[in-house]
Structures are given as C-alpha cells and as structure tokens.
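Reader: Hi! I'm new to this one and would love a friendly tour. Could you put it up on screen first?
Author: Happy to, here it comes.
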Amino acid sequence: MSTSALVWFRRDLRCDDHTALHHALTHFKRVYCAFIFDRDILDVLPSPADRRVEFIWYSVTELKQHLNDMGGDLLVFHAKAAQAIPAIAEALKVDAVITHHDYEPAAISRDATVEQTLKASGIAFTTFKDTCIFEKEEVLTQAGGRFSVFTPYKNAWLKKLTPADLEERPVAQHAAAFAKPDATQFKGVSAQIAKQTGIHQPTDGSHIPSLQDMGFEPTNLLELKIRTGQSGAQATLDEFLSRMDGYKKQRDFPAVKGVSYLSVHMRFGTLSIRQAARHAWTLFNSTGSEGAMGWLNELIWRDFYFQILYNNPRVVNNAFKAEYDDIVWDSDDKAKALYQRWCDGQTGYPLVDAAMRQLKHTGWMHNRLRMVVASFLTKDLGLDWRWGEKWFADNLNDFDLSANNGGWQWASSSGCDAQPYFRIFNPVSQSEKFDADGKFIHRYCPELAKLPKRFIHAPWEAPAMELQMAGVQLGTSYPRPCVDHAVAREKTLARYAVVKKKVTSDE
Ligand SMILES: Cc1cc2nc3c(=O)[nH]c(=O)nc-3n(C[C@H](O)[C@H](O)[C@H](O)COP(=O)(O)OP(=O)(O)OC[C@H]3O[C@@H](n4cnc5c(N)ncnc54)[C@H](O)[C@@H]3O)c2cc1C
C-alpha cells in the first residue's frame with residue numbers, strides 16, 4: 001500500500017459514493033483532501049453576486065464538516081488550481097493526486113498542466129470516471145464509431161449497462177485512512193502556495209475563505225430555499241423519488257412540480273450520478289415505471305452531451321453541423337436591443353418573458369421553457385445561438401458547458417438532432433399547450449394576472465375592453481410583441497435556406 005494521497009475535489013462535492021475517495025482510501029495509508037476556489041474560473045464571472053459560488057461555498061462547508069467527522073479534513077484555498085494543487089501536494093509530500101475526469105476543453109488543459117508539474121516532482125496524477133455513467137468512447141456504434149444522434153446512443157447505452165456501472169463506491173467504511181494536516185503542515189501548505197503563486201491566502205487552508213474574502217457577496221440562494229450540499233441533494237432526491245413514477249406525464253408543464261430540480265446537485269456532484277441512476281433503474285426494473293425510464297432517459301442525455309463535448313471540442317465555438325456556421329445572424333443595434341428585451345423578459349410573449357424572468361430571479365428554468373426561449377432567440381429574433389448560450393452560462397445555477405451547448409445547438413438545429421432540417425416552435429401554441437391556464441405566466445408576469453386565460457398567451461389579441469378591465473396597457477404595463485411570429489418564421493426559413501442549399505448540394 002502506498003503512503004499518502006491528496007484527493008482533489010472539483011465538481012464532486014460529497015463524501016459518499018465517490019470514486020476518487022474510494023480509491024484513495026483503499027490504496028493509500030493517509031488521505032488528505034483539498035478544494036480550490038479556482039481563480040481561473042471565478043475571476044471571469046460577470047457578477048460578484050453569483051448563486052453558484054454561494055452554492056459551492058455552503059456545499060464545501062458541509063463537505064469539510066463531514067470529512068472532519070470521519071477523521072479527515074478539507075484544505076480550502078482561493079487560488080489558481082493549476083498552481084495550488086501541485087503546491088499542496090509538494091508541501092504534504094504525497095505520492096499521488098487523485099481526482100475525477102472533466103470533459104471540458106479548459107479543464108482538460110488545466111489537468112494536463114497539473115499532471116506535468118506533479119510529474120516533475122515525482123508525484124502521480126490519477127484520474128477516474130465519476131461524473132457520468134459512460135464517458136468518452138465507452139458507448140460506440142457497432143462499427144466502432146461515435147454516436148451523434150441521441151436515440152441510437154441511448155439504445156446502445158442501455159444495452160451496455162450492467163449492475164457494476166451503477167455500483168456504489170463506498171467511503172465511510174474505509175474512513176480509517178483519512179488524515180488531517182497538523183498546524184505545521186497547514187502553514188507549510190500556505191507558504192508553498194504563496195511561494196508558487198506569489199499570492200498570500202486569506203487563510204492557511206484550515207478555514208474556508210469567506211465569500212467576501214473572495215470578492216463575492218451573498219445572493220438570494222437561501223431565500224429561494226435552494227438546498228445545498230450533500231444533505232440538500234439527498235433531501236431533494238428523497239422528495240423526488242415519491243414523484244418519479246409520474247415524471248413522464250408531468251415533466252413538460254412548468255407550473256406543475258413534475259421534474260426533479262436536481263440539476264444543480266448533478267452539476268456540482270453533491271449527488272452521485274450512480275445513486276440517481278440506480279433509483280431510476282431499480283424502479284423501472286421492479287415496476288416497469290414509465291416515469292423512471294423517462295427520467296433515466298434524461299440522465300442518458302447528460303452522458304450523451306458529455307461525450308459529444310469530449311469527442312468534438314470544437315462545438316464550444318462552432319456549430320456541431322459545420323454547414324450551420326454559414327447562417328448569417330442579425331447583429332446590428334436593433335438585434336442587440338431585441339437581445340436585451342429577451343434577457344430582461346420583455347419580449348411581449350408572456351411564456352417567453354415568464355421563463356426569462358424565472359431564470360433571472362432564481363437561476364433555474366424549466367426544460368420545456370429552455371427549449372421555447374432558445375427557439376425564440378434563434379428563430380423568432382434571428383440571433384446567434386451563442387448569445388443565448390452565454391446568457392444561460394452566466395445565469396444558470398446548473399450551467400454545464402456540455403448540456404448547455406448541446407441544448408442551444410439542438411434548439412438552433414445546428415447540433416445533434418435526428419431532424420433532417422429544422423423545427424420552429426410557435427411561442428403562443430407552446431404556451432397554450434404547456435401552460436394552458438397561464439399559472440406559470442401569472443407567477444412571473446403578475447401584471448397579466450387579471451387577464452382572462454384565453455388571452456394570457458397572446459395579450460395583443462385581447463379586445464381593448466378586456467385589456468382595460470385587466471389593467472393591462474400594452475406598450476406601458478406590458479410590452480407589445482417585439483416581433484410578429486409569422487413574419488419571423490418566414491425570415492428564418494430564408495435565413496436557414498443557406499443550410500438547406502448546402503445540404504442539398506452536398507448530397
Ligand atoms: C437551451 C438549453 C440549455 C440547457 N442548459 C443546461 C445546463 O447548462 N445544465 C444542465 O444541467 N442542463 C441544461 N439543460 C437541460 C435541462 O433543461 C436541465 O437539465 C433541466 O431543466 C434541469 O432541471 P431538473 O434537474 O429538474 O431536470 P430533470 O428533468 O429532473 O432531469 C434530471 C437530470 O437529467 C439531466 N438532464 C435533463 N435534461 C437534460 C438535457 N436535455 N441535457 C442534458 N442533461 C439533461 C440533468 O442533469 C437533470 O438534473 C438545457 C436545456 C436546453 C434546452
């Protein structure tokens with residue numbers, strides 16, 4: 001058995017069913033743990049009030065407590081991880097740094113830097129799959145190729161699945177190997193980081209730097225009752241399990257509590273993906289539950305987009321289907337003003353506006369609405385999907401490059417989709433279908449609350465009398481529609497013709 005290891009926590013902020021911890025505790029005599037509030041990521045965030053940073057802060061605080069309870073500890077620094085991790089590893093004189101795979105190009109490059117630096121000091125860098133069930137090139141076509149369409153990928157994924165893939169990676173029963181740095185080691189680590197980065201830390205690693213120490217401020221996270229940490233993930237999961245069976249029927253209606261609300265926990269790994277998938281798989285196998293299979297289907301989408309990003313890193317800036325990069329999006333001042341109206345939830349289309357306001361106020365948006373507003377941005381406003389992707393990236397609590405990029409490319413039809421050409425959502429009929437009573441719209445557009453439900457989806461069609469009685473003044477209390485959907489649709493068909501021509505000429 002080797003001597004000591006450092007487990008580097010990133011998007012896996014829990015200490016149960018944790019592959020890196022499990023491996024470290026079963027192969028090393030002493031296991032230290034560290035988390036870095038990575039300045040390479042945090043310093044470019046657009047706002048000092050960022051719910052994600054606060055979510056991480058609370059989750060890390062809970063993680064440190066859990067590790068303390070098991071006889072270990074968590075060193076926490078606000079630094080550049082690429083420098084801090086080798087510094088900590090050297091100061092603690094560990095034999096290996098152990099962490100989980102990340103599929104984002106920037107993270108892959110950071111990990112390569114860390115590996116190189118560690119190697120120069122004779123320290124191993126060992127990484128494991130943990131964030132998804134199947135990764136990279138684990139699910140391939142019969143001919144050995146990569147999938148770019150979801151349904152055949154899903155079928156192959158399900159065929160490949162064995163109980164071992166969902167098995168728990170236990171931690172608590174191996175806790176004896178957890179080690180706690182002593183005061184001298186804490187000081188040594190802190191000094192090493194200062195030496196390597198030139199930056200003195202607000203703490204010596206034994207305490208978690210406050211949000212203010214790191215230049216951030218509290219948000220409305222707690223007011224929204226967003227549950228943080230491993231305990232928050234378990235409570236949210238437990239609550240969802242009683243509803244999982246009805247998931248498939250309920251998942252498309254934003255006013256209904258039909259989905260799991262677990263995405264932020266999946267994002268930061270406060271919930272193990274294996275645990276989530278185990279529940280769905282077990283329920284499906286024991287009862288044939290459509291809801292359980294429907295939910296598992298979404299977890300498979302998550303794996304699908306991880307492998308798309310990993311195998312096609314160019315999607316970060318480019319259309320997955322290259323010919324879609326020939327589309328010319330509007331980008332003049334009028335386009336910029338329309339974009340601002342979309343961001344602010346002031347387009348005049350109530351379902352779109354309610355969704356965009358939900359995002360701004362809570363950092364979360366229902367999946368159906370993500371599809372509606374993404375289609376609206378690209379196909380009604382004629383704006384580049386990358387503009388919308390960026391707004392989501394800045395504002396979603398669950399922002400994940402792979403799922404977000406995949407979702408936006410799907411909505412703009414440039415991504416992985418079985419559709420031969422493209423779809424255009426009608427924002428009014430989507431509203432009538434998925435928020436028939438306007439309950440969701442009322443929640444975020446209270447200025448329309450008194451409008452009878454038959455007009456809630458398209459207030460501009462309401463007779464003047466109805467508007468007056470509901471206290472709605474179009475253009476004043478609520479905006480007139482910023483574009484005419486029927487006109488926009490024609491423009492979009494013309495805009496996308498460049499793709500169709502190209503596809504046809506390529507055939
Ligand atoms: C334009 C657009 C952008 C999106 N951006 C993100 C994003 O940045 N981060 C993110 O996690 N999801 C994203 N999604 C996918 C999806 O909307 C959210 O995962 C879901 O709404 C989160 O709510 P939930 O946890 O209640 O989901 P549930 O319906 O309960 O689903 C369970 C889990 O499955 C995963 N999942 C569900 N749908 C998808 C999907 N289409 N692709 C990948 N994973 C999925 C998520 O981890 C989710 O938590 C995006 C979708 C679209 C259309």
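Author: Let's begin with a term: a polar contact is a pair of N or O atoms within 3.5 Å; within protein, one must be able to donate a hydrogen and the other to accept it, and residues adjacent in sequence count only if both atoms are side-chain atoms. With that in hand, an N or O atom in the side chain of N404 is 3.1 Å from a nitrogen atom of the ligand.
Reader: How much of the ligand's accessible area does the protein cover?
Author: The ligand has 820 Å² of accessible area on its own, and the protein covers 96% of that. Such areas come from the Shrake-Rupley method with a 1.4 Å probe; for residues, only the protein chains shown count as cover.
Reader: Anything I should know about the model itself?
Author: This is a predicted model, where local features need pLDDT of at least 70, side-chain atom pairs count only at pLDDT 80 or more, and totals for chains, interfaces and linings use all residues. Residues are numbered from 1 along each chain as its sequence is written, and side-chain values use heavy atoms, with hydrogens and water left out.
Reader: Back to the ligand, how many residues surround it?
Author: There are 27, and the closest are Y247, S260, Y261, S263 and N367. A residue counts as near if one of its heavy atoms lies within 4 Å.
Reader: And how far is the polar side-chain atom of E298 from a ligand nitrogen?
Author: For E298 that distance is 3.1 Å. W364 has a polar side-chain atom 3.3 Å from an oxygen atom of the ligand.
Reader: Which helix gives the largest share of the shell?
Author: That's α13, with six residues. Helices here are DSSP runs (H or I, at least four residues), numbered from the N terminus. Helices α11 (263–268), α13 (290–311), α16 (367–380) and α18 (401–411) supply at least two shell residues each.
Reader: Why does the ligand lie between domains 2 and 3?
Author: Because domain 2 (132–167 + 230–311) and domain 3 (322–506) both give residues to its shell. The domain bounds come from an automatic or database domain assignment.
Reader: New topic: how many disulfides does the structure hold?
Author: Zero, taking a disulfide as a pair of cysteine sulfur atoms within 2.5 Å. For C33, the nearest cysteine sulfur, that of C15, is 8.6 Å away.
Reader: Is C33 buried or exposed?
Author: C33 is buried, at 1% relative accessible area. Buried means under 20%, exposed over 50%, and partly exposed in between (1.4 Å probe, protein chains only).
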